[in-house]
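I am opening this notebook to record what I looked up, element by element, before drawing anything together.

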Amino acid sequence: MSQREELIDAEQELKHQGPSAGALRAAEALRDVAAVPGVAKPDPILVADGVVRQFGGLTAVDVDHLEVQRGTITALIGPNGAGKSTFFNLVSGFDTPTSGTWSFDGKDVSGWAAYRIARLGMVRTFQLTKALMRLTTLENVMLGATDQAGESLWRAPLRFLWAGQERENRARAEVLLERFRLTHMRDEFAGTMSGGQRKLLEMARAMMVDPSLLMLDEPMAGVNPALTQSLLGHIQALRDDGVSIVLVEHDMDVIMSISDWVVCFAEGKVIAEGRPDDIRRDRAVIDAYLGTRRSLSDDASEEDQA
C-alpha cells in the first residue's frame, strides 16, 4: 500500500469514528458564534488585542483582536509567511511584540517570559522538535516537570530533599509514555526516535506541566502517514480531557477533520475565522490560498480525481 493510500485510509477511519464528547461540547459552545474575524467567544482562554510585530519595514503580525475558545481545537492556517508561527512566538513569550497585549485565562501575560507563561499553563511545542538526543525518552519527558527542587544549586547535593519529588515525576512520566504509546522507547536515546515519535515525545513532555492550553506548531510536519492517525487521535483525546488546543498546520485535510474552529492569517492579519465548513466556502481564504474563485473542497476533489 502506498503512503497516499495509507493516509486516505487513516482519514476515512477518523471520519467514521463520529464526533466525540469533547467535539460535541465544543460545537455547542461555538454554536451561536458568528464566523467573522475578531468575533467574541463565550469563554475565551486566550485573548489578543492589537498585537503587532514588525521587522524593520515589514509587518509580520498585525492582529487587531483574536479570541480562542476554551475546550476547543483551534487551528491557525494561512500561506507561508502569513504570520502564524510569529504570532505563536509572541503570545508564548518566545518573541517580543512591537505593540499589543494579550491575556491567558483572564490574566494579562503581555511581555512575560516564556517559562512564566508555561508555568501558568500555556505550553507550546515546536515545528523542529527540541529533544535532547543523548538523554533517554523517559528522561526527556521528566525534564518537563516544573519547580523541581533538585535544580537548586544548594539542594542538588542533598538527594533526600528532592528524591521523593523525583519519584513522583518519574511516575507521571511513565503514565504519559504509556498514554502516547512510547513505553517501548522508555530507555532508548531520543536520538534513535523517528520524527513522528519525537512529536509524541514533545507532547508528552508538554503534558508534564499539566497545561490548560497546548499550542502545537505544525505537529504533522515530517510525520509519516502511518503515525498521522495516531497523532490526530492524541490531539483529539487531549481536547476531550479538557485541554484547549491551538495548532498551526498546513495539511488542510488534517485541519478540516479535527478542528472545531479555524482562524486564517494572510499578510499578518486575521482575514477569516469560523467552523471548517465556513472556511471552506470563505472567498477571502480561497483567494489567499489559491488566488482563484474555487472552493477548497473543489480543489481537493480535483486532486483526488487526478
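Entry 1, the hairpin. I began with strand 9 (residues 261-266) and strand 10 (residues 269-274), which run antiparallel and are joined by five bridges. This is a predicted model, and I read the pairing with that in mind. Looking up one pair, I found that Phe265 has Val270 in strand 10 as its bridge partner. Two residues lie between strand 9 and strand 10 in this hairpin, and I noted that Glu267 in the turn has a positive phi of about 55°.

Entry 2, a lysine. I next asked myself whether Lys41 is buried or exposed. Lys41 lies in the loop between helix 2 (21-29) and strand 1 (44-55), and its relative accessible area is 8%, so by the cut-off of under 20% it counts as buried. Its side chain is joined to that of Glu273 by a polar contact of 2.8 Å. Leaving aside residues up to four places away in sequence, I listed what Lys41 touches as Leu30, Val33, Glu67, Gln69, Trp261 and Glu273.

Entry 3, helix 3. I then turned to helix 3 (residues 84-91), where six of the eight residues are buried, so that this helix is largely enclosed by the rest of the structure. The buried residues I wrote down for helix 3 are Lys84, Thr86, Phe87, Phe88, Leu90 and Val91. Just after helix 3 comes Gly93, for which I noted a positive phi of about 90°.

Entry 4, helix 6. I checked the length of helix 6 (residues 163-179) against expectation: at 1.5 Å a residue its 17 residues should span 24 Å, and the end C-alpha atoms are 25 Å apart, which agrees. Which residues of helix 6 are buried? I found Ala163, Asn169, Ala173, Leu176 and Leu177 to be so. Viewed down the axis of helix 6, these buried residues fall within an arc of 135°, and therefore they line one face of the helix. As a reminder to myself, an α-helix has 3.6 residues a turn, so residues three or four places apart point the same way. On the other side of helix 6 I found Arg167, Glu168, Val175 and Glu178, which are exposed. I also looked up what covers the buried residues of helix 6, and the cover includes helix 5 (137-142) and helix 7 (195-207). Last, I noted that helix 6 is followed by Arg181, whose phi is positive, near 60°.

Notes. Residues are numbered from 1 along each chain as its sequence is written. This is a predicted model: local features need pLDDT of at least 70, side-chain atom pairs count only at pLDDT 80 or more; totals for chains, interfaces and linings use all residues. Side-chain values use heavy atoms; hydrogens and water are left out. The expected span of a helix is 1.5 Å times one less than its number of residues. Buried means under 20% relative accessible area, exposed over 50%, partly exposed in between (1.4 Å probe, protein chains only). The arc is that of the directions from the helix axis to the C-beta atoms. Contact means heavy atoms within 4.5 Å. A polar contact is a pair of N or O atoms within 3.5 Å; within protein, one must be able to donate a hydrogen and the other to accept it, and residues adjacent in sequence count only if both atoms are side-chain atoms. Two strands pair if DSSP finds at least two bridges between them.
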